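Biologist: I am new to this structure and would like to learn how to read it. Could you walk me through a few features?

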Amino acid sequence: MTDVTAPAAPAAPAKKAGAFYYETVTWVQHWTDELFSFRTTRDPGLRFTSGQFVMVGLEVDGKPLVRAYSIASPAWHDELEFYSIKVQDGPLTSRLQKIQVGDQVLIGRKPTGTLVLDGLKPGKRLYMLGTGTGLAPWLSLARDPEVYDRFEEVIVTHTVRNVADLNYRDLFEHELANDEILSEVIGGKLRYYPTVTREEFKTRGRITDLIASGKIFEDLGLPPLDPAVDRLMLCGGPSVLADLKALLESRGYEEGSLASPGDYVLERAFVET
């Protein structure tokens, strides 16, 4: 969009048009050659539940080019944050990765998704298992006070290929514990469990293998998964979701939804291009 530089106050961009809001980029962080995050303004009319996703994209040749993105900011925040891969020849992310502060993006008006607390039965522990940018919904939920009202322990896992891909590690290891407001809400309930598959790291391996072997529970000092008390949320690539689903259901877990809460929920919508 063209910047207005005339002395008169620029007219505010149209915030509502059809199925999308036009929002302004306020922050961009390039983590690696393959991963970046960005924040935008948030229309007061946009309501969502932590863990949901929304359509995000750009206007290209007068038409919307959008994909599903989990909202990485909590529902109470006045900005929207997103965590994205970069696909150099992808129709959307080849363009989206070039956005700068002040640019405009399209934000869908209808958030949705299955990674919400109301899709789960009550429990003692909540595991949020994410791979790659599948961490995004946990960034939202881990900063939502309601999560800590409902569960005694909250475990966020993040499995990536390389150590450099453990973006937001500092948030979980330091920032939340020192946050003036959230630190009191979270107390000692939140645990962060990063794993790396292709490089040396304190915890190596796919999350499925770490669950199957019991190593994750040994590392955290927790008992093995028990459908009576443990609830899980899953977000990541199709293959790991299929493996996790099979693993959980072999242990007696039942998938939940808003219509019929269960022991675990998963999200199949994520950005690839």
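Biologist: Thanks! Is aspartate 179 buried, partly exposed or exposed?

Modeller: Keep in mind that this is a predicted model. Aspartate 179 is partly exposed, because its relative accessible area is 30% and the partly exposed class lies between under 20% for buried and over 50% for exposed. Aspartate 179 sits in the loop between helix H4 (169-178) and helix H5 (182-186).

Biologist: Which residues gather with Asp179 in a patch of negative charge?

Modeller: On the surface, Asp179 is joined in that patch by Asp170, Glu175, Glu180 and Glu184.

Biologist: And how should I read the inside?

Modeller: In soluble globular proteins, nonpolar side chains tend to be buried together. Here the largest nonpolar core has 34 residues, and Trp138, Val156, Phe172 and Met233 have the most contacts inside it. Several elements supply at least two residues each, including helix H2 (136-141), strand E9 (153-160), H4 and H5. The largest share, four residues, comes from H2.

Biologist: What can backbone angles tell me?

Modeller: Most residues other than glycine have a negative phi. Aspartate 61, however, has a positive phi near 55°, and tyrosine 168 has a positive phi near 75°.

Biologist: Where are aspartate 61 and tyrosine 168, and is each buried or exposed?

Modeller: Aspartate 61 lies in the loop between strand E4 (53-60) and strand E5 (63-70), and counts as exposed because its relative accessibility is 77%. Tyrosine 168 lies in the loop between E9 and H4, and at 9% relative accessibility tyrosine 168 counts as buried.

Terms used:
Residues are numbered from 1 along each chain as its sequence is written. This is a predicted model: local features need pLDDT of at least 70, side-chain atom pairs count only at pLDDT 80 or more; totals for chains, interfaces and linings use all residues. Side-chain values use heavy atoms; hydrogens and water are left out. Patches are made of residues with over 30% relative accessible area and no salt bridge: like charges are joined within 9 Å, nonpolar side chains (Val, Leu, Ile, Met, Phe, Trp, Tyr) within 5 Å. Accessible areas come from the Shrake-Rupley method with a 1.4 Å probe; for residues, only the protein chains shown count as cover. A salt bridge is a side-chain nitrogen of Lys or Arg within 4 Å of a carboxyl oxygen of Asp or Glu. Lys and Arg count as positive and Asp and Glu as negative; His and the chain ends are not counted. The place of a charge is taken as NZ of Lys, CZ of Arg, CG of Asp or CD of Glu. Buried means under 20% relative accessible area, exposed over 50%, partly exposed in between (1.4 Å probe, protein chains only). A nonpolar core is a set of buried Ala, Val, Leu, Ile, Met, Phe, Trp, Tyr and Cys residues joined through side-chain atoms within 4.5 Å.
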